[in-house]
Amino acid sequence: MGLGNVLFGRKKLKKAAGDKIFALSSARVTLEVELGLKAAGKAAVLFKPMSAQEYVRAENEMQELLDVVAQEAASRVTRRGDEFGYEWLIVEDNDFEDLINTVHLVASELASHGFGEQLLAAVFRFDGGEHPLYLIYGFKRGAFWPFIPKGDKERDNANELELKAKLEKELPIEQDLSRWFALFDLPI
Amino acid sequence: MASTPASRISLMERKAYGRDFGLSLRMGMTMFVLGLVYVAFFIALVQFTGVGIFGIVLIIGILSFVQFFTSDKIALLASGAKVVEREQAPELHDMVERLAAMADLPKPRVAVIPTDVPNAFATGRSQKKSVVAVTEGLWNRLEPQEVEGVIAHELTHIANRDVMVMTIASFFAMVAAMLARFGLYGGMFGGGRDRSGGTPVWLIMFVVSIVTYVISYVLMMMLSRYREYAADRGAALITGTPEYLMSALQKIASRISQIPQRDLREVAGMNAFFIVPTNVKRGFAELFMTHPPLEKRLARLAAISREMGRPVEP
């Protein structure tokens, strides 16, 4: 935040940076060949709906948005709320490129419907390890970080850091570890 | 609602609610006047006392530097807050993490204050060194979305670097307070010398310091109240749901006034930090409060809520 915004206490929300999400398609080879992790064909976009007050309008727009996505992409897209009051748009597609494209489409459609600042993260699931691996893409930061939940709200930090080292060359990885937020009990 | 051009336009407009020009203007004026008072005070210092005075300024500089660097530890100690790890409070950590991500802040440390009075504060010299503390009462008595509103308010304080701004704003007020005290001692022990037979220097400095202190204190409190409004606004942006912060503020305020004074003294020193202070006064006394009165905050939040879309009953 600039000095002016600090002086005047003008906290603003950062707009979504969605384009770096495509970097994931080049990291896939490393994930599959070197690490033995296969894309599970599932991803999700996480955002915070504006307000209960805008709910009716948001509801209509969301339906409209899902229709647009359904027309343009072959992937299956479903909606789910969670106990934090966030909305998940779950994308399922066995073709990895299509999966990424649809996630990007969903995110940019949300942005063009005025939800750009409410976009929090996109999540991609990979299987093959002891626990499922989730690659989280933070829209505020335009970077990825790994998330490996294990057991009861714990995460496998050792493996996450190892993945960071291995993926760093191909993926924009969030360097500030204090921003690697967790997404426990995620619906994919 | 179909996607007519009109509804598209209203969607574009929705992005503009992040600013409150009037609030920025008032904040700017307050800081400007505070700056003027300090410059005048500084000139008076040089005029009447000479270079010797800078020893005191330096000492207070160091003191306020130390205070700034230990602000998190001081606040945690004073409030009895304990930093909790993820295992101890997983839901709280989840909530803070997501909101911090939404606000594009590094995750602050999370602390819990073992008291049933619902309240919360944030402190720390920088965004990286910040702490968000909530009381057990806040977590237990409020709905999750209300707690989110409160935490988002605290995160906005961190984003706006309120600890730094208020430390800088209070620096010369501290100098003035110290000099008033020294001036008084100087006078009592006969340390002041006459200059060309006029009023003794210590008396002039004493009066100047007192006047500076009173004016700058009122201005600082004003600035603090404006920054509370700014934090409320930021919370509305981060959560997208100002109505939950409104109900949270109401619940916190009503809890605080219900509880007998005896319990309140435990946390009274922390008022400037808390989201809702424990000592609420009105009228003239409002000038000396760190926080705006509840009804004014609710009115502002309702206005933001209207800006965002739907009118909310006040």
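**Two sheets and a shared core**

Strand 1 and strand 4 of chain A run antiparallel and are joined by seven bridges. In this pairing, F47(A) has L119(A) of strand 4 as its bridge partner. The model is a predicted one, and its scores are ipTM 0.71 and pTM 0.78.

Strand 1 of chain A also pairs with strand 3 (residues 87–92) of chain A, again in the antiparallel sense, through six bridges. Here A44(A) is matched with I90(A) of strand 3. Strand 1 covers residues 38–47 of chain A, and seven of its 10 residues are buried, so the strand is largely enclosed by the rest of the structure.

On the other side of the pairing with strand 1, strand 4 (residues 119–127) of chain A can be followed to strand 5 (residues 133–138) of chain A, with which it forms six antiparallel bridges. A121(A) has G138(A) in strand 5 as its bridge partner. These pairings belong to an open sheet of six strands in chain A, with the order 2-3-1-4-5-6 and antiparallel pairing. At its edges are strand 2 (76–81) and strand 6 (143–147) of chain A, each of which pairs on one side only. From one strand to the next, the twist averages 25 degrees. Strands of a sheet pair through backbone hydrogen bonds, and they may do so in parallel or antiparallel fashion.

Chain B has an open sheet of four strands, in the order 1-2-4-3, and its pairing is mixed. Strand 1 (82–83) and strand 3 (120–123) of chain B are the edge strands, each pairing on one side only. Strand 2 (residues 109–113) and strand 4 (residues 131–135) of chain B run parallel and are joined by five bridges. Within this pair of strands, R109(B) stands opposite V131(B) of strand 4.

Helix 7 (residues 144–159) of chain B packs on this sheet, where it touches strand 3 and strand 4 of chain B. The direction of the helix makes about 20 degrees with that of strand 3 of chain B. Of the 16 residues of helix 7, 14 are buried, so the helix is largely enclosed by the rest of the structure. Its length can be checked: at 1.5 Å a residue, the 16 residues of helix 7 of chain B should span 22 Å, and the end C-alpha atoms are 22 Å apart, which agrees. Just after helix 7 of chain B, R161(B) takes a positive phi of about 50 degrees.

One residue in the range of helix 7 leads on to the core. L155(B) touches L99(B), A100(B), A103(B), L105(B), A122(B), V132(B) and I238(B), leaving aside residues up to four places away in sequence. The largest nonpolar core has 126 residues, and V123(A) and L155(B) are those with the most contacts inside it. Helix 9 (residues 201–239) of chain B gives the most to this core, contributing 16 residues. In soluble globular proteins, nonpolar side chains tend to be buried together.

Confidence should be read alongside these features. Chain B averages a pLDDT of 78, with 76% of the residues scoring at least 70. Over residues 259–265 of chain B the pLDDT stays under 50, and the model has four contacts beyond four places in sequence for them. The pLDDT is also below 50 over residues 310–314 of chain B, a stretch with 10 contacts in the model beyond near neighbours in sequence.

Technical notes
Residues are numbered from 1 along each chain as its sequence is written. Chains are lettered from A and ligands numbered from 1 in the order in which they are written. This is a predicted model: local features need pLDDT of at least 70, side-chain atom pairs count only at pLDDT 80 or more; totals for chains, interfaces and linings use all residues. Two strands pair if DSSP finds at least two bridges between them. Two residues are in contact if their C-beta atoms, placed from the backbone, lie within 7 Å. Axes are lines fitted to C-alpha atoms, for helices over the stretch in contact, and angles run from 0 to 180 degrees between N-to-C directions. A nonpolar core is a set of buried Ala, Val, Leu, Ile, Met, Phe, Trp, Tyr and Cys residues joined through C-beta atoms within 7 Å. A residue is buried if 20 or more other C-beta atoms lie within 10 Å of its own, exposed if 12 or fewer, and partly exposed in between; C-beta atoms are placed from the backbone. pLDDT is the predictor's confidence in each residue, from 0 to 100. The expected span of a helix is 1.5 Å times one less than its number of residues.
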